[in-house]
Amino acid sequence: MIFKSSTTEVPEVAAVPRHVAIIMDGNGRWATKRFLPRVAGHVKGVEAVRDIVEACALRGVEYLTLFAFSSENWRRPEEEVSLLMRLFVTALEREVSKMHANNIRLKVVGDLSRFDAKLQEMIANAERRTANNTRLTVTVCANYGGRWDIMQATSKMVKANPGVTDFTEAQLAEHLAMAYAPEPDLFIRTGGEERISNFLLWQLAYSEFYFTETYWPDFSPEALDTAIASYQHRERRFGRTGAQLAEKKT
């Protein structure tokens, strides 16, 4: 693990969040509102991803994490799940070359074993191709759940330390799916819901939360700027008092 936990030491705070994590909610409702099939919302949502990736790169965000498909989303209608898988394949086919050309790294985290062999191979190839890119790391969480992440990290930690019964946060954190990234500074959820839905349960401990009624297909770079502006007005104390922060500034 490269980055430290916000519960063990105070991280640096910058005007632009280093890491933005987003639950992209509201695709289906966006389509329904327009009397369109839900598929239309998901297709439009992919376009919004492209715009927000570009916006984050231009604004100096270093890490962007997108919750694309949760471990609970398998409960959706089979037809919709199948469509989402096809969209994933299409997005990989169309976007990876553009990301690579723009020095953007792609990571996909989650329990990928449930995906078909073709999709798993495409993911692995995309990750290898973009591995050395440094401008922005885009992580897509697919068949991901925060509880799954903690459980798989715990299992790896125990296997790596046979006979040990007393562990530290750092020992577990190095096995989390996103141990390569700092904890999110800003968490955004579109679509009007105000919950984290089993997303990055460990990593969001000290993130700033921003909820918006805007459906994901309508979440524009300008909407991202509004979220970042809200973040910039937060007092990030990490357990300290406001008086301590004021004293530090003087």
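How many helices and strands make up the secondary structure of the protein? There are eight helices and six strands. Keep in mind that this is a predicted model. If you walk along the sequence, the elements come in the pattern β-α-α-β-α-β-α-β-α-α-β-β-α-α.

Now for the overall build. The protein has 250 residues, and a compact globule with that many would have a radius of gyration near 18 Å; the protein comes out at 19 Å, which agrees. Here are some whole-protein values side by side:

| Property | Value |
|---|---|
| Radius of gyration of the protein | 19 Å |
| Box filled by the C-alpha atoms, along the principal axes | roughly 55 × 45 × 35 Å |
| Exposed area of the protein | about 13200 Å² |

As for that exposed area, carbon and sulfur atoms supply 51% of it. Buried residues, meanwhile, make up 45% of the 250 residues. Take the contacts between residues at least 6 apart in sequence: 76% of them join residues at least 24 apart.

Charges come next. The protein carries 32 positive and 32 negative side chains, and the centres of these two sets lie 2 Å apart.

Let's zoom in on one residue, Thr-212. Where does Thr-212 lie? You'll find Thr-212 in the loop between strand S6 (208-211) and helix H7 (221-232). Is Thr-212 buried or exposed? Its relative accessibility is 13%, so Thr-212 counts as buried, since the cut-off for buried is under 20%. And what is Thr-212 in contact with, leaving aside its neighbours within four places in sequence? The partners are Arg-189, Thr-190, Gly-191, Gly-192 and Phe-219.

Technical notes:
Residues numbered from 1 in each chain as written. Predicted model: local features only at pLDDT ≥ 70, side-chain atom pairs only at ≥ 80, totals over all residues. Heavy atoms only, no water. Helix = DSSP H or I, 4+ residues; strand = E, 2+ residues; numbered from the N terminus. Buried < 20%, exposed > 50% of the residue type's maximum accessible area, 1.4 Å probe, protein only. Contact = heavy atoms within 4.5 Å. Rg over C-alpha atoms; globule rule 2.2 N^0.38 Å. Areas by Shrake-Rupley, 256 points an atom, 1.4 Å probe, with all protein chains shown as cover. Lys, Arg positive; Asp, Glu negative; His and termini not counted. Charge placed at Lys NZ, Arg CZ, Asp CG, Glu CD.
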